[in-house]
Amino acid sequence: MRDKPLPIDATLAINDGNVIEAIKLVRSAEGLDLMQAKARVDRYLDGNPALKEKIDEVRREARNRLIRNVLLFDAVIVAALIWWFVLR
């Protein structure tokens, strides 16, 4: 048995890479609980391998941006500590 199509706004959110927003939209549109809505979105993604790969790429990019920002923040803190304790 095939699922009925996702609400259009949820599909658009998925296409934008925003799976969490899509789950929220499915929950509100269909009156599902969190696990059911997530399962619906996951089944939709499983049926669309190219879209699933796009979502995975968006997640990888977000993770890499987070790591870069944390490393940059750490470098600034270390530089400030060196200046404060050594060069001042």
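These are my notebook entries on helix packing, salt bridges and a surface patch in this structure, which is a predicted model.

**Entry 1, helices α1 and α2.** I began with the pair formed by helix α1, residues 8-15, and helix α2, residues 19-30, whose axes come within 8 Å and cross at roughly 170 degrees. Since angles over 145 degrees count as roughly antiparallel, I noted α1 as roughly antiparallel to α2. I then looked up which residues make this contact, and found Asp9, Ala10, Ala13 and Ile14 on the α1 side, with Glu21, Ala22, Leu25 and Val26 on the α2 side.

**Entry 2, salt bridges.** I searched the whole structure for salt bridges, and the search returned 5. I followed up some of them below.

**Entry 3, Arg40 and Glu30.** I looked at the side chains of arginine 40 and glutamate 30, which meet in a salt bridge with an N to O distance of 2.8 Å. The pair links distant parts of the chain, for arginine 40 sits in helix α3 (residues 34-46) and glutamate 30 in helix α2, 10 residues apart. Is each partner buried or exposed? I recorded arginine 40 as buried because its relative accessibility is 8%, under the 20% cut-off, whereas glutamate 30, with a relative accessible area of 22%, is partly exposed.

**Entry 4, Glu53, Glu57 and Arg60.** I next turned to arginine 60, which forms a salt bridge with glutamate 53, the closest N and O atoms being 2.9 Å apart. The side chain of arginine 60 also meets that of glutamate 57 in a salt bridge, at 2.8 Å from N to O. Arginine 60 and glutamate 57 both lie in helix α4, 3 residues apart, which is about one turn of the helix. Through shared partners, the salt bridges join Glu53, Glu57 and Arg60 into one network. I checked the accessibility of each member in turn: glutamate 53 counts as partly exposed at 42%, glutamate 57 is partly exposed at 32%, and arginine 60 is partly exposed at 30%.

**Entry 5, a nonpolar patch.** Finally I asked which residues form the nonpolar patch on the surface. I listed Phe73, Ile77, Val78, Leu81, Ile82, Trp83, Trp84, Phe85, Val86 and Leu87, which together have about 1,100 Å² of accessible area. I took leucine 81 as one of these patch residues to examine by itself, and placed it in helix α4, which covers residues 49-87. Leucine 81 has a relative accessible area of 44%, so I entered this residue as partly exposed.

Technical notes
Residues are numbered from 1 along each chain as its sequence is written. This is a predicted model: local features need pLDDT of at least 70, side-chain atom pairs count only at pLDDT 80 or more; totals for chains, interfaces and linings use all residues. Side-chain values use heavy atoms; hydrogens and water are left out. Patches are made of residues with over 30% relative accessible area and no salt bridge: like charges are joined within 9 Å, nonpolar side chains (Val, Leu, Ile, Met, Phe, Trp, Tyr) within 5 Å. Accessible areas come from the Shrake-Rupley method with a 1.4 Å probe; for residues, only the protein chains shown count as cover. Helices (H or I, at least four residues) and strands (E, at least two) are DSSP runs, numbered from the N terminus. Buried means under 20% relative accessible area, exposed over 50%, partly exposed in between (1.4 Å probe, protein chains only). Axes are lines fitted to C-alpha atoms, for helices over the stretch in contact, and angles run from 0 to 180 degrees between N-to-C directions. Angles under 35 degrees count as roughly parallel, over 145 as roughly antiparallel, 65 to 115 as roughly perpendicular and the rest as oblique. Contact means heavy atoms within 4.5 Å.
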